[in-house]
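The following note sets out several points on helix packing, salt bridges and selected residues. It is intended to be read alongside the coordinates.

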Amino acid sequence: MILNKETAQKTAALLLQINAIKLQPQNPFTWASGWKSPIYCDNRVTLSYPTIRNYIRENLSKQIEEIYGKPEMIAGVATGAIGIGALVADYLNVPFCYVRPEAKGHGRQNKIEGHLEKNTNVIVVEDLISTGKSSLMAVESIKEANANVKGMVAIFSYGFNTAEENFKNANVTLNTLSNYEMLLEEAEKSKYINAEEATLLSEWQENPAIWGQ
C-alpha cells in the first residue's frame with residue numbers, strides 16, 4: 001500500500017534517474033532464484049546521492065509517524081536496508097538495530113545487531129519487497145526476541161500477489177513509498193519505455209516465475 005501518489009511518482013522517478021532501478025524488457029536480467037526479470041532494483045544506490053537519500057529518509061519517517069506514531073525503535077533488514085534504516089532512526093531520533101538473515105557464525109552469534117529490549121515497539125524498514133519472505137524472516141527474529149513488530153515500511157515493492165498473501169498470512173502491515181505500478185506509469189510518461197515495453201513489463205508482474213521462458 002502507498003499513502004501518497006505524488007510521493008510514489010517522485011520516488012519512482014528518482015530511482016530511475018540514478019539507475020537504482022533498471023528496466024530491460026528486451027534483455028532481461030536473471031535473478032538468483034533463476035527467474036528472468038525485465039527489472040533490476042538496487043536501492044542501496046540511493047545512499048550515494050545525499051539529496052535523494054534525504055528525500056527517502058524524510059518520507060519514510062513521515063509515513064511511519066502518520067501510520068504508527070513515533071516508534072520506540074527502527075530495525076533495518078540486512079544488508080540492503082541497514083543504511084536507510086539507520087538514516088530513518090536518526091531522523092526520528094530513536095534507537096536502531098538491524099537483523100541478519102541468519103546468526104553470525106562467530107563471536108556472540110547475533111542475529112539482531114544492536115540493543116533490543118523486550119516488549120519494545122519496533123517498525124521494520126526494508127529497501128525492496130519481492131516475495132516478502134526474507135523481510136518476514138526478519139520480523140520473526142524480532143518477535144523471537146520478545147519485541148513487538150508494529151509494521152513495516154519499504155522504499156519499493158514489485159507488487160507480487162504472493163507478497164501480499166505472505167504479509168496477510170503473517171498479519172504484518174506493509175506500506176511502501178512507491179511500487180511497480182507507479183514505476184511503469186512514470187517510466188512510460190518520461191519515455192524511458194514505450195507502450196510495447198510497458199506491456200511486457202506488466203506481463204512479468206502477473207507471472208514472474210515463468211515470464212521469459
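**Note on helix packing and salt bridges**

1. Lys189 is exposed, its relative accessible area being 55%. The model under discussion is a predicted one. The side chain of Lys189 forms a salt bridge with that of Glu186, with an N to O distance of 3.4 Å. Both residues belong to helix H6 and are three residues apart, about one turn of the helix. Glu186, by contrast, has a relative accessibility of 12% and counts as buried. The bridge thus joins an exposed lysine to a buried glutamate.

2. How many salt bridges does the model contain? The count comes to five; three of these are described in this note, beginning with the Lys189 and Glu186 pair above.

3. A further salt bridge is formed by Glu185 and Lys5, whose closest N and O atoms are 3.9 Å apart. Glu185 is located in helix H6 (residues 180–189) and Lys5 in helix H1, so this pair ties together parts of the chain that are 180 residues apart in sequence. On the H6 side, Glu185 is partly exposed, with a relative accessible area of 34%. On the H1 side, Lys5 is also partly exposed, at 47% relative accessibility. Given the cut-off of 4 Å between nitrogen and carboxyl oxygen, the value of 3.9 Å for Glu185 and Lys5 should be read with that limit in mind.

4. Arg100 and Glu113 form another salt bridge, and here the closest N and O atoms are 2.9 Å apart. This pair links distant parts of the chain: Arg100 is in the loop between strand S6 (96–99) and strand S7 (112–113), whereas Glu113 is in strand S7, 13 residues apart. Are the two partners buried or exposed? Arg100 counts as partly exposed at 23% relative accessibility, while Glu113 counts as buried at 13%.

5. The packing of H1 against H6 deserves a separate entry. The two helices pack at an angle of about 65°, and their axes are 9 Å apart. Their crossing is right-handed. Lys5, Ala8, Gln9, Ala12, Ala13 and Leu16 on H1 meet Met182, Leu183, Glu185, Glu186 and Ala187 on H6. Sorted by class, this contact has seven nonpolar, one polar and three charged residues. Among the contacting residues are Lys5 and Glu185, the two partners of the salt bridge discussed in point 3. Glu186 also takes part in the contact, in addition to its bridge with Lys189.

6. H1 also packs against helix H2. The axes of H1 (residues 5–17) and H2 (residues 50–68) come within 11 Å and cross at roughly 150°. That angle makes H1 roughly antiparallel to H2, because angles over 145 degrees count as such. The crossing of these two helices is left-handed, whereas that of H1 and H6 is right-handed. Which residues form the contact between H1 and H2? Thr7, Lys10, Thr11, Leu14 and Gln17 on H1 meet Ile52, Tyr55 and Asn59 on H2. By class, the contact has three nonpolar, four polar and one charged residues.

7. Asn59 may be examined individually. This residue lies in helix H2 and counts as buried, with a relative accessibility of 15%. Leaving aside neighbours within four places in sequence, Asn59 is in contact with Thr7 and Leu177. Thr7 is one of the H1 residues in the contact between H1 and H2.

8. Glu65 is a second residue of helix H2, and this one counts as partly exposed, at 38% relative accessibility. Not counting residues up to four places away in sequence, Glu65 touches Lys70 and Leu92. Its C-alpha atom is separated by 16 Å from that of Phe96, a residue 31 places away along the chain.

9. A final point concerns Ala209, which is found in the segment after helix H7 (195–206). At 32% relative accessibility, Ala209 counts as partly exposed. The C-alpha atoms of Ala209 and Thr30 are separated by 11 Å, and these two residues are 179 residues apart along the chain.

Methods: Residues numbered from 1 in each chain as written. Predicted model: local features only at pLDDT ≥ 70, side-chain atom pairs only at ≥ 80, totals over all residues. Heavy atoms only, no water. Axes fitted to C-alpha atoms, helices over the stretch in contact; angles between N-to-C directions. Helix = DSSP H or I, 4+ residues; strand = E, 2+ residues; numbered from the N terminus. Parallel < 35°, antiparallel > 145°, perpendicular 65-115°, else oblique. Left-handed = near helix turned anticlockwise from the far one by under 90°. Contact = heavy atoms within 4.5 Å. Nonpolar A, V, L, I, M, F, W, Y, C, P; charged D, E, K, R; others polar. Buried < 20%, exposed > 50% of the residue type's maximum accessible area, 1.4 Å probe, protein only.
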